[in-house]
Amino acid sequence: MKVLHLDTNHAILIQGFQELGWENHEDYTSTKEQIEAKIHEYDGIIIRSRFTIDQQFLDAAKNLKFIGRVGAGLENIDIQYAKRLGIFLASAPEGNRNAVGEHALGMLLSLMNKMNKAHREVLNGQWNREDNRGVELDGKVVGIIGYGNMGKAFAKKLRGFDVEVICYDILGGVGDENARQVGILEFKQHADVVSLHVPQTEETIGMVDAEFISGFNKPFWILNTARGTCIKTEDLVVGLEEGKILGAGLDVLEYEKKSFEDWFTKSPKPFEYLKQADNVLLTPHVAGWTVESKIKLAQTIVDKVKAQFS
C-alpha cells in the first residue's frame, strides 16, 4: 500500500503504516490541483480538513482504497460517492470524544460562574464580587442534542453533579444510564442548558435559529462544540440581547471556513457582538484538540485501517 499524508499528525500514524510494510509519502504544501494530478498513484490518503474531497478528486484517485480522516466529522468528504466507489472511510470520533466532553464542561462552568468576565475585570484593576456572583450547576436540567460519541462523553462528565441529563436525537433508543432520551417538546420544556453534539448535515445547518430559541420554556445556556453552521449567529445574538439565552460557549462559529481561512479581517457584525459580550466564551475550534487526543486520534485511524486491510 502507498499512503499520502496531506496534514501533519502524530507520528503514530506513519509508524503504524510502516509496521504494516506500507510506503508513506508526505505532502503538506501542494495545492489541491497538484495533489489531484498525482493522487492516482496512492492507495490511501490521510487528511484532517485541508481541503474538500469531492467527486472530481475521487474520480482522479483511481486506485484509492481508503481515506483516513483524523477527526470526527466527514462533511468535507463526498461520503456517498466515495462509498459508491468502494472506498473505505475511517474517521476517529472515539479519539477526541473525551476531550470534547471535558471542554464542554469547562465552558459551562466558566459561563455559569462568570469566570472569563471576572478574569478580565481583575486584570483591569476591578474587584467586583457581587456582579460576578455565579450560578450553581446542581439542580439544573442539562439537555444534549445529538447523543453519539461526543454527547455521551459530555453526559459522562456530568455524573459527578446533581443534575438531570436529557438527550434528543433523530435516532431512537440512544439513551443510557447517563441521559434520558426525550422528544423535542419535552426537551424544550425542561432544559436549562443546551449542548450541541451533532454532525453537519442538511438537517443540522441553521437548526438553532429564532424559532428554535423562542420554543424554550425558560432562558437557557447554550454550548456548541459541534459545527459552527448549526447556529444562526444573528439569531443567537438576538436571543442573548433579549435574555432568552443566558450565555453561550462557542468553540465553533458559523463564519469558519472549511479550510480555516482568516475571516477576522471581514468580521461580521454579530461576531463583533460576541467578542464584546460578557456572557459569551469563545475558543478557536479546540474542544477536541488536546495532547492526549492527538495520540488517540492517530491510533484510532491506524487501528481501523489495519483492521480493514491486514
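**Entry 1: contacts along the chain**

I took a contact to mean heavy atoms within 4.5 Å. The model I am reading is a predicted one, which I keep in mind throughout. Counting contacts between residues at least 6 apart in sequence, I found that 60% of them join residues at least 24 apart.

**Entry 2: overall form**

I next looked up the secondary structure, and the chain comes to twelve helices and twelve strands. For the radius of gyration I noted 21 Å, and because a compact globule of 310 residues would have a value near 19 Å, the chain agrees with that expectation. Along the principal axes, the C-alpha atoms fill a box of roughly 65 × 45 × 35 Å.

**Entry 3: surface and charge**

I asked how much of the chain counts as buried, and the answer was 48% of the 310 residues. The accessible surface comes to about 15,500 Å², and I noted that 50% of this belongs to carbon and sulfur atoms. I also looked up the charges, of which 36 are positive and 44 negative, and their mean positions lie 2 Å apart.

**Entry 4: aromatic rings**

I then turned to the rings and found a count of ten aromatic pairs. One of them joins Phe66 and Phe309, with 5.7 Å from centre to centre and 45 degrees between the planes, and I recorded this pair as tilted. Since tilted covers the angles left between under 30 degrees (stacked) and over 60 (edge-to-face), the 45 degrees of this pair falls there.

I wanted to know which parts of the chain this pair ties together. Phe66 lies in strand 4 (residues 66-69) and Phe309 in helix 12 (residues 291-309), so the pair connects parts that are 243 residues apart in sequence. The two partners I then checked for accessibility: Phe66 counts as buried because its relative accessibility is 0%, whereas Phe309, with a relative accessible area of 30%, is partly exposed. Both Phe66 and Phe309 belong to a cluster linked by ring pairs, in which I also found Phe17, Trp22 and Phe88.

**Entry 5: Glu41**

Last, I looked up where Glu41 sits, and I found this residue in the loop between helix 2 (32-38) and strand 3 (44-47). Is Glu41 buried or partly exposed? I noted Glu41 as partly exposed, because its relative accessibility of 38% lies between the limits of 20% for buried and 50% for exposed. From Glu41 I took the distance to Ile213, which is 172 residues away along the chain, and the C-alpha atoms of these two residues are separated by 50 Å.

Technical notes. Residues numbered from 1 in each chain as written. Predicted model: local features only at pLDDT ≥ 70, side-chain atom pairs only at ≥ 80, totals over all residues. Heavy atoms only, no water. Helix = DSSP H or I, 4+ residues; strand = E, 2+ residues; numbered from the N terminus. Rg over C-alpha atoms; globule rule 2.2 N^0.38 Å. Buried < 20%, exposed > 50% of the residue type's maximum accessible area, 1.4 Å probe, protein only. Areas by Shrake-Rupley, 256 points an atom, 1.4 Å probe, with all protein chains shown as cover. Lys, Arg positive; Asp, Glu negative; His and termini not counted. Charge placed at Lys NZ, Arg CZ, Asp CG, Glu CD. Phe/Tyr/Trp six-rings, centres within 6.5 Å; stacked < 30°, edge-to-face > 60°.
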